[in-house]
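Reader: I am new to this structure and should like to understand the reasoning behind the terms used for it. Might we go through it step by step?

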Amino acid sequence: MTAQSLTPAGDCLQVNLNVSQANTLLAADFSMFSHSGSGVEALRTLSYSIPAALQGHIDLIHPTTV
């Protein structure tokens, strides 16, 4: 996993990780979803969980739910 600040204040981070790492870290099941009309596919999960130690520190995880 790698992280980089997206804002000068450091209050918005981008973390790059693979699907397996995301599934483990977030207790999620990321998979490909396809829009039936356009065929556009997106990697998403229907649910996720933030570890208790990070609750109150994270406002948004993107992309996640459909």
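Reader: In what order do the elements of the chain run from the N terminus on?

Author: In this predicted model, the order is β-β-α-β-β. The chain thus holds one helix and four strands.

Reader: Why is the chain called more spread out than a compact globule?

Author: The globule rule gives 11 Å for 66 residues, whereas the radius of gyration of the chain is 14 Å; this is well over the rule, so the chain is more spread out than a compact globule. Along the principal axes, the C-alpha atoms fill a box of roughly 40 × 25 × 20 Å. Of the 66 residues, 14% count as buried. The chain exposes about 5,100 Å², and carbon and sulfur atoms supply 55% of that area.

Reader: Why is Thr 45 called buried?

Author: The term applies under 20% relative accessible area. Thr 45 has 1% relative accessibility, and therefore counts as buried. Thr 45 lies in the segment after strand E4, which covers residues 41-44.

Reader: What makes the links of the Thr 45 side chain to Asp 29 and Ser 47 polar contacts?

Author: A pair of N or O atoms, one able to donate a hydrogen and the other to accept it, must lie within 3.5 Å. A polar atom of the Thr 45 side chain is 3.4 Å from the backbone nitrogen of Asp 29. The side chain of Thr 45 also reaches the backbone oxygen of Ser 47, at 2.9 Å. Both distances are within the 3.5 Å limit, so both links are polar contacts.

Reader: How do you know whether Ile 50 is buried or exposed?

Author: Its relative accessibility is 17%. Because buried means under 20%, Ile 50 counts as buried. Ile 50 lies in the segment after E4. Not counting residues up to four places away in sequence, Ile 50 touches Gln 55, Ile 58 and Ile 61.

Reader: How far apart are Ile 50 and Ala 27 in sequence and in space?

Author: They are 23 residues apart in sequence and 7.9 Å apart in space, C-alpha to C-alpha.

Reader: Why is Ala 27 called exposed?

Author: The cut-off for exposed is over 50%. Ala 27 has a relative accessible area of 58%, and so is exposed. Ala 27 is found in the loop between helix H1 (19-26) and strand E3 (31-34). Although Ala 27 is not a glycine, its phi is positive, at about 50°.

Reader: What makes Ser 49 partly exposed?

Author: Partly exposed covers the values between the limits of 20% and 50%. Ser 49 has 37% relative accessibility, and therefore counts as partly exposed. Ser 49 is found in the segment after E4. Leaving aside neighbours within four places in sequence, Ser 49 is in contact with Leu 25, Leu 26 and Ala 27.

Reader: Why is Val 15 called partly exposed, and which nonpolar patch includes Val 15?

Author: Val 15 has a relative accessible area of 42%, which lies between 20% and 50%, so Val 15 is partly exposed. Val 15 is found in strand E2 (residues 13-16). On the surface, Val 15 forms a nonpolar patch with Met 1, Leu 13, Leu 17 and Leu 25. Together these residues have about 460 Å² of accessible area.

Reader: Which peptide bond is cis, and what is its omega?

Author: The bond that joins His 62 and Pro 63 is cis, with an omega of about -10°. Pro 63 is found in the segment after E4.

Conventions. Residues numbered from 1 in each chain as written. Predicted model: local features only at pLDDT ≥ 70, side-chain atom pairs only at ≥ 80, totals over all residues. Heavy atoms only, no water. Helix = DSSP H or I, 4+ residues; strand = E, 2+ residues; numbered from the N terminus. Rg over C-alpha atoms; globule rule 2.2 N^0.38 Å. Buried < 20%, exposed > 50% of the residue type's maximum accessible area, 1.4 Å probe, protein only. Areas by Shrake-Rupley, 256 points an atom, 1.4 Å probe, with all protein chains shown as cover. Patch = residues over 30% accessible without salt bridge, like charges linked within 9 Å, V, L, I, M, F, W, Y side chains within 5 Å. Salt bridge = Lys/Arg side-chain N within 4 Å of Asp/Glu carboxyl O. Contact = heavy atoms within 4.5 Å.
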